[in-house]
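I sat down with this one to see how some of its strands fit together. Here are my notes, in the order I looked things up.

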Amino acid sequence: MTAGERSPSRRHARSPLLAAVGVGFALSACHAPTTLSGEPAGASTAATQPQPGATGASADLAPNDPPGDWRSQARDYANTRYSPLSQINPANVAHLKMAWTFSDGAQFGHEGAPLVVGGVMYVVTPYPNIAYALDLTKPGAPIKWSFSPNPAPIAIGKACCDAVLRGWAIADGKLIYNLLDDHTVAVNLETGKEVWRTKMDNPETGTTMTMSAAVFGDKVYVGDSGGELGARGWLAALDVKTGKEIWRAYGAGPDDQVKIGGDFKPYYSWMKGKDLGATSWPPDMWKHGGATSWGWVSYDPELNLIYYGTSNPSPRVPVQRPGLNLWSAAMFARDATTGMARWAFQFTPHDQWDYDGVNENVLISIPWHGQTRKALVQFNRNGFAYTIDRETGEVLVAAPFGNENWASGIDMATGQPVVNPAQEPKPGETLKNICPTDLGVKDWQPSAFSPRTGLIYTPVINVCMDLTDHKQSYIAGTPYDGMEMKRHAGPGGNWGAFIAWDPVKGRTVWSIPEQFMVFSGALATASDLVFYGTVDGWLRAVDARTGKVLWSQKLGSGIISPPMTYTGPDGRQYVAVYAGVGGAPMVEDKQAGFPAHGNTLYVFSLDGVSNSSGAGMITTVAAGADNTRMAGHEAPVSGSAHGY
Amino acid sequence: MDIDHSTGASVARQSKRRCRGAKDPGLWALFPTPRGMTLLVLLALAGCDRTLGNLRAPAAAGGFIDGGQSPAAIDNPFEGQPAAVEKGKQLFTQMNCAGCHGYDLRGGTMAPDLTDRYWRYGGTPAQIYSSIANGRPMGMPTWRDRLPAAEIWNLVSYIQSQGGATPAADYQAGEQGDLAARPVAPPAGSGPGANPAAARSAHP
């Protein structure tokens, strides 16, 4: 059975193209050993080689999951979000059509990507965090099981930026994810029954959990949210089998709480010293200092280091907390086993504009002055894209990737920004046109790396603010915030863009301006396609080299989640993305044309062909002479059009 | 507070207890200035009639039937007082209400808009008081143990000044959806929402 034989093109006279694709696929399937998902096993290695004109950047794609699966949010430890699949390519991508959809009924913003393994797709809704397993082997991808954890509703009113969930993880036979109300839960993949549930914090204090749990080896890494409510930030490791907490590293406070010890070697001298996480604050303010960890975690299996960042400091009124406010708006490299910090780097010392440091750290290797350096790239909220040596924390490149005016540049001797004094807020005074706004030039929405081009593809926010600070008192469970903002589009008038970035040279290669913000993640594939979506609901496929938009499709709501791609049990490549606006972009929901909420997962294939769409599919039963149904077997036969 | 289906006589007894309580030295501390003492006397006089008991803790929204008068229909004792609105505006920022409901009170993902005609838990003064005092399930904190009644009424006054609240006398119409189409009045005097075009301030 081949894709070409099973999928007559109903609408297009271009079926010879599809047949050619199908025959080509069939031939490759005949000539090479295939994985369970039908892709030739050798394809992934060849497809990921740098192509002519590439930047020279490369990546370790461990754990090298089967090409047709998508087993973790970022697809690999390095967080490349790169798929080795190439059935959908620049020549045929304009034929993508909706194959089937799934609505999950949850009203809040949808920020996570589906996972696919073993012919089953797994999704979890925003609050109330219901998990669904969809059986991809059956027509209609019916729900195999669902799991309702019933998180406490009080958490809804403590989540600064909507009651979202940014992803979920699969490991050791379990689906593992965070609940908004500060529990981490593990569900049996086969049965949908709860295996363990661990209480991590208390939502009454203003702490919630919205990040995707990340699993590396036998540990589950989770962190909290709440930098706008004076929460105490932390990242913890749980045992994947039992959920038992193994260690917890706080984002601020004395060294023993931040898990800084003798192995800690920050590259820059201004981060060396005892208990800086306490002494860089007025007395005891680190206890409600934010520095939460609500973003992404990446992992280097050779160095055994995890990389993740911390949020803004609390309160969001900087005059109340003089000092560097370590270790907020920073990132850590930690020993994945013990949690002890190896190095740290603070992107925005004494942050005054809500420039969190939690964005994804994409692990790549780059050519650098005749050597190969293990590095990472973070597109920081503050508007600078950093390429950092991930063994030492040395900043190799720091260049603006969008509009910013709060700093004139980065001092490469120290890694510190050169702050524009005019952009430093004082309570009661309105500062006009600070760029970027609190959302940053990029927020948590993740970028994707292509080893073929050596470029990183990223959403960009082009929004500035008029800011007035109001001094704050700490009242547990209420905002410890103080930023009054009016936001507007930045130079050019477009609220967003999607760009390709050269992480070696530190420059934008091409840019697609968008009227609305771009808050989706990015997806890169081995056929040199890149996918992204907009807040007003456009899903687009782009040529990874030239930036030419090859296909656009309007969906039912805004897209604030990462697209992903997988191979179905039928051997066909699919692209899937949630469309359900919410999250941080809601700050501009009065903008003309802003979409309504949604909760639909869209799955696309070439010409929309799938086992869940097409001619026929069930059998009509003739009625009896008196218009009653015939006795006997009347069960419809399903899937007949596709021969399962 | 329990639902009380008895007659007005029961309520009067309750109020007399509260009237004696109004001379409690503790309450003087709330109103230390001459103006405050005047206010307290006025309140006590008003309360002895029927509603001072409700100054302390109005019944849960919409729950109380007393000869046809619901506590949701009870007026804000500081109705129409600019000083209460001004004090409420200060409290709105000091108690961090603005952090969730916005400096323009237009709300966001954390908390609802307080300037429109949609009230999840009721929009009369007594119902707004109850939401503040008792908290609500989706994260609205409980303030009754942290703020004296007078300060909660100040906050209610400020919110009412934004124009979207349901007048107490229109309680039934509000319950039945008959106020939804009524345009929201421009905010009175001291609210920051005087500029309807102000953008929202919810904070990611």
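**Entry 1: a covered strand.** I am working with a predicted model, and I began at β33(A). I checked which way its side chains go: A:Leu529, A:Phe531 and A:Gly533 point one way, A:Val530 and A:Tyr532 point the other way, and all are buried. The strand covers residues 529-533 of chain A, and five of its five residues are buried, so I counted it as mostly covered, with buried meaning under 20% relative accessible area.

**Entry 2: the strand before it.** Next I asked myself which strand joins β33(A) by two bridges. I found β32, residues 523-525 of chain A, and the two run antiparallel. I noted one pair in particular: A:Ala524 has A:Val530 of β33(A) as its bridge partner. β32(A) and β33(A) make a hairpin, with three residues between them. In that turn I stopped at A:Asp528, which has a positive phi of about 65°.

**Entry 3: the strand after it.** I then followed the chain onward to β34, residues 538-543 of chain A. Five bridges join β34(A) to β33(A), and they run antiparallel. Here I met A:Val530 again, standing opposite A:Val542 in β34(A). These strands also form a hairpin, with four residues between them. The residue I marked in this turn is A:Gly537, with a positive phi of about 100°.

**Entry 4: an open sheet.** I moved on to another group of strands in chain A. What is the order of the four strands in this open sheet? I read it as β26-β27-β30-β31, with antiparallel pairing. β26 (448-450) and β31 (507-514) of chain A are at the edges with a single partner strand each, so each has one side without a neighbour in the sheet. From one strand to the next, I noted a twist that averages 25°.

**Entry 5: the partner of an edge strand.** I looked at how β31(A) is held to β30, residues 496-502 of chain A, and found seven bridges in the antiparallel sense. Within this pair I picked out A:Ala500, which stands opposite A:Trp510 in β31(A).

**Entry 6: stepping back to the chain.** Last, I looked up the totals. I have five helices and 38 strands for chain A. Of its 644 residues, 66% are buried. Among contacts with a separation of 6 or more, 61% are between residues 24 or more positions apart. For the accessible surface I wrote down about 20900 Å², with 54% of it belonging to carbon and sulfur atoms.

Key:
Residues numbered from 1 in each chain as written. Chains lettered and ligands numbered in written order. Predicted model: local features only at pLDDT ≥ 70, side-chain atom pairs only at ≥ 80, totals over all residues. Heavy atoms only, no water. Pairing = 2+ DSSP bridges. Axes fitted to C-alpha atoms, helices over the stretch in contact; angles between N-to-C directions. Buried < 20%, exposed > 50% of the residue type's maximum accessible area, 1.4 Å probe, protein only. Contact = heavy atoms within 4.5 Å. Areas by Shrake-Rupley, 256 points an atom, 1.4 Å probe, with all protein chains shown as cover.
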